[in-house]
Amino acid sequence: MNEKKHLNWAILGCGVVANEMAVALTKAGKSIYSVGNRTYEKAVTFSEKYQIKKIYKDFREMFQDEAVDVIYITTPHNTHIEYMMEALEHGKHILCEKSITLNSEELERAMNLAVKKQVVLAEAMTIYHMPLHKEIKARIDSGSLGEVRMIQMNFGSYKEYDMTNRFFNRNLAGGALLDIGVYAISFVRWYMKLKPTSVSTQVKYAPTGVDEQVGILLMNDAQEMATVALSLHSKQPKRGMISCDKGYIEIMEYPRGEEAVITYTESGKTERIQAGSSTDALYYEMEDMEKTILGEEDFVYINYSKDVMDIMTQIRKDWKMTYPEEE
Ligand SMILES: NC(=O)c1ccc[n+]([C@@H]2O[C@H](COP(=O)([O-])OP(=O)(O)OC[C@H]3O[C@@H](n4cnc5c(N)ncnc54)[C@H](OP(=O)(O)O)[C@@H]3O)[C@@H](O)[C@H]2O)c1
């Protein structure tokens with residue numbers, strides 16, 4: 001796809017996750033070509049911290065910078081589509097933080113433009129890139145555990161009720177589904193043969209009107225089932241469990257999982273699987289992205305992102321819950 005072997009990365013945004021990616025890239029000996037941020041002064045501080053030579057006065061200059069090959073977008077959910085479309089229009093490859101868009105219609109637009117411009121568009125969803133999840137998927141695909149029957153997911157954190165933070169702020173596309181549900185549903189999609197087609201839910205809203213607590217029941221045409229429990233104002237373990245004919249697999253801290261335990265039904269024996277490191281999660285995303293751009297890997301994960309986005313869009317439609325951009 002691309003004859004260059006060295007790719008110039010630009011980072012859009014200088015918040016929590018942008019810092020994590022910069023640390024991961026620096027640790028891996030990669031250099032970041034440029035950075036842009038809404039608040040220019042923060043971009044300057046960021047550039048000094050990670051020795052980035054190019055900073056844009058106006059971050060939108062990054063979209064037109066001919067030296068930039070790939071842009072990592074780390075701004076809030078509701079801004080993704082606007083920046084993605086502008087960058088894609090200029091032929092940039094895009095790795096965009098989760099949730100990649102607000103809804104399916106936005107994602108479809110971006111996917112179509114990426115195809116037209118022949119560039120790679122991907123969601124920075126750690127689950128698709130962690131070595132552990134690749135290894136467990138290979139194990140399941142080999143058939144050694146039999147069929148996947150039931151998947152059970154938890155994700156809950158305690159966030160203070162604060163309108164200004166992005167978790168509860170409707171104007172920043174807050175809510176459990178887009179912030180943490182996206183991990184749980186991506187996990188479910190990753191391990192299921194087919195996209196779930198039957199979806200039912202229960203929801204409790206936060207004082208700000210976004211979804212605070214959610215229960216989801218999913219099933220696909222292969223009759224694989226999943227349950228998902230999400231909460232933004234009460235802690236839960238980040239635990240994923242895949243129940244198969246011959247045993248079950250448990251993965252703690254699954255968004256950046258590095259260890260899983262398989263319990264075999266017949267013998268009761270357990271097996272521990274270790275692969276990768278949670279601290280390198282963003283590095284794996286970047287590596288997969290580079291390999292795909294350079295034509296060394298076939299990247300299909302955007303299709304999983306689309307399935308997940310379709311499910312989340314349908315759920316919010318059922319709730320009649322919209323964001324200001326959708327009204
Ligand atoms: N935090 C995590 O652990 C984590 C993990 C994975 C994914 N993510 C995802 O990454 C994204 C960012 O999360 P974060 O925690 O890094 O957020 P954050 O710390 O609040 O940083 C947000 C960044 O976006 C910029 N920004 C805000 N509104 C903007 C706008 N309208 N136009 C342009 N730039 C804007 C901010 O610029 P200013 O400096 O001007 O405020 C800041 O640089 C979200 O999509 C989130 O879901 C976060």
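Modeller: Domain bounds here come from an automatic or database domain assignment. The model is a predicted one.

Biologist: Into which domains is the protein divided?

Modeller: There is domain 1, made of 9–125 + 285–297, and domain 2, made of 128–278 + 306–326. Taken over C-alpha atoms, the centres of domain 1 and domain 2 lie 25 Å apart.

Biologist: How many residues of domain 1 are in contact with domain 2?

Modeller: The size of an interface is often given as the accessible area lost when the parts come together. Here a contact count serves: 15 residues of domain 1 are in contact with 15 residues of domain 2. On the side of domain 1 that touches domain 2, helix H5 (104–117) and helix H8 (281–293) each supply at least two residues. H5 gives the largest share, three residues. Sorted by class, that side of domain 1 has six nonpolar, six polar and three charged residues.

Biologist: Now a helix. How does the span of helix H7 compare with what 1.5 Å a residue predicts?

Modeller: An α-helix has 3.6 residues a turn, so residues three or four places apart point the same way. Helix H7 covers residues 176–191, which is 16 residues. The expected span is 1.5 Å times one less than the number of residues, so H7 should span 22 Å, and its end C-alpha atoms are 21 Å apart, in agreement.

Biologist: Where is the kink in H7 centred?

Modeller: The kink is centred on Val182 and amounts to about 45°. As for cover, 16 of the 16 residues of H7 are buried.

Biologist: Take a single residue, Asp307. Is Asp307 buried or exposed?

Modeller: A residue is called buried if 20 or more other C-beta atoms lie within 10 Å of its own. Asp307 has 20 other C-beta atoms within 10 Å, so Asp307 is buried. Asp307 sits in helix H9 (residues 301–319).

Biologist: Which residues does Asp307 touch, not counting those up to four places away in sequence?

Modeller: Asp307 touches Arg189 and Lys195. Glu325 is 18 residues from Asp307 along the chain, and their C-alpha atoms are separated by 21 Å.

Biologist: Last, the ligand. Which residues come nearest to the ligand?

Modeller: The residues around the ligand number 19, and Gly15, Val17, Arg38, Thr39 and Glu97 come nearest. Helix H1 (residues 16–27) provides the largest share of this shell, three residues.

Biologist: How is the shell around the ligand made up by class?

Modeller: The shell has five nonpolar, eight polar and six charged residues.

Definitions and conventions. Residues numbered from 1 in each chain as written. Predicted model: local features only at pLDDT ≥ 70, side-chain atom pairs only at ≥ 80, totals over all residues. Contact = placed C-beta atoms within 7 Å. Helix = DSSP H or I, 4+ residues; strand = E, 2+ residues; numbered from the N terminus. Nonpolar A, V, L, I, M, F, W, Y, C, P; charged D, E, K, R; others polar. Buried ≥ 20, exposed ≤ 12 C-beta atoms within 10 Å, placed from the backbone. Bend = angle between axes of the 7 residues up to and from the residue. Near = placed C-beta within 6 Å.
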